[in-house]
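Student: I would like a close look at one part of this model, the place where the first two strands meet, and at how that part connects to the rest. Could you take me through it in one connected account?

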Amino acid sequence: MANDPERFDSMLLAMAQQHEGGVKDLLNTIVSFLSRKTDFFTGGREGEWEQVVKDTFYTHAKKACDEANRIKKKKEEADKRLKEIQQRKEQERLANDFEPATVTELTDQEAEKLKEDIEKDKNEKEWQKLAVVIAVMLLSLQRLKRMTIPKKRGKLKPNAGNGCDLEHYKWTQTLEEVEIRVPLRQILRPRDLTVVINKKHLKVGIKGQPLIIDGELDADVKIEESTWVLQDGRNLLINLEKVNKMNWWGRLVTTDPEISTRKINPEPSKLSDLDGETRGLVEKMMYDQRQKEMGLPTSDEQKKQEVLKKFMEQHPEMDFSKCKFN
């Protein structure tokens, strides 16, 4: 206990708390005590007190530095282990995300049952397929009449969404809006991103890194109707609402390669998208197809039968029993 360096800690801490100037004032008090109450500075050979001070301070300074380095090294090792654990978990998660799908084989009975169900539904849905095809064709013709399509050559073929797949992002479009998907290849939070949507300009990127998209848009957008969202922390989805809903975009921003809008396939549409005259025509075709499949008269045949019935009622004196009608 006599050599325990901590035995005076409580006393020295009490003294330190009374020195508002900190360590400097505390040292001044201790040195003043040595000069006034002891022969520390005068009792030895000349310069001896200086060597004692140097040896004492350097000894304890080395201990303090060694301890600080030990703590720093321990923290770095702990951080390294934590980073390795996080990387391993991320690799495991990515491996699970891209795990190949398993294939379950059907038994002979299940396959036969599936075949019967398909055949059963085939006839019922055939008229719907025909009606949808006709509706799409008619609506496409209507829209193509209203659109101005540039006749330029040497452009890219549009992707399946009538847009373009680029190195760092891909975009698709309808006549009403443009959708942009940006894979971030790391887990981020919304506050880590920079997304600035202006009427004619778009900026997209990760803070602290070069922007992924920074350019003038192909056409004006409605800022108040345009939105963006971060999906699963790894995919950025942006929706831009077009101002002009009658034109297809040839590119997202002016620095992108241009696609051929002549090769764009208009999106499938509902009957509610058709004008009144066209919708009535399509509904009539759907009704007639359904009547034929059930062996019943079509709408035109029903009208003919009603006219004949009315004529027969108006002329009861005539004998129609031997007449044959086609």
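Tutor: In this predicted model, β1 pairs with strand β2, residues 170-173, in the antiparallel sense, and the pairing runs over 2 bridges. Within this pairing, Cys-164 of the one strand stands opposite Trp-171 in β2, and these two residues are a useful place to start.

The two strands belong to an open sheet of 5 strands, which follow one another in the order β1-β2-β3-β8-β7 with antiparallel pairing. Because β1 (164-165) and β7 (221-231) stand at the edges and each has a single partner strand, one side of each is left without a neighbour in the sheet. In general, strands of a sheet pair through backbone hydrogen bonds, either parallel or antiparallel.

Cys-164, although it lies in an edge strand, counts as buried, since its relative accessibility is 5% and the cut-off for buried is under 20%. Cys-65, by comparison, has 47% relative accessibility and counts as partly exposed. If you are looking for cross-links, the structure holds 0 disulfides.

Trp-171 leads from the strand pair into the interior. Leaving aside neighbours within four places in sequence, Trp-171 is in contact with Asn-159, Asn-162, Gly-163 and Cys-164, with Val-178, Glu-179 and Ile-180, and also with Trp-249, Gly-250, Arg-251, Leu-252 and Ile-259. The largest nonpolar core has 28 residues, and Trp-171 is among those with the most contacts inside it, together with Ile-180, Ile-213, Leu-240 and Leu-252. At least two residues of this core come from each of β3 (177-183), β4 (193-197), β5 (201-206), β7 and β8 (235-242). Two of the residues named here, Ile-180 and Leu-252, thus appear both as contacts of Trp-171 and among the core residues with the most contacts.

For a contrast in setting, turn to the aromatic rings that pair with one another, where the count comes to 2 aromatic pairs. Phe-40 and Phe-41 form an edge-to-face pair, at 5.0 Å centre to centre and with 80° between the planes. Phe-41 and Trp-49 also form an edge-to-face pair, at 4.9 Å centre to centre and with 70° between the planes. Phe-40, Phe-41 and Trp-49 form one aromatic cluster. Each member is partly exposed: Phe-40 has a relative accessible area of 27%, Phe-41 has 28% relative accessibility, and Trp-49 has 30%.

How values were computed
Residues numbered from 1 in each chain as written. Predicted model: local features only at pLDDT ≥ 70, side-chain atom pairs only at ≥ 80, totals over all residues. Heavy atoms only, no water. Pairing = 2+ DSSP bridges. Helix = DSSP H or I, 4+ residues; strand = E, 2+ residues; numbered from the N terminus. Phe/Tyr/Trp six-rings, centres within 6.5 Å; stacked < 30°, edge-to-face > 60°. Buried < 20%, exposed > 50% of the residue type's maximum accessible area, 1.4 Å probe, protein only. Disulfide = S-S within 2.5 Å. Core = buried A, V, L, I, M, F, W, Y, C linked by side-chain atoms within 4.5 Å. Contact = heavy atoms within 4.5 Å.
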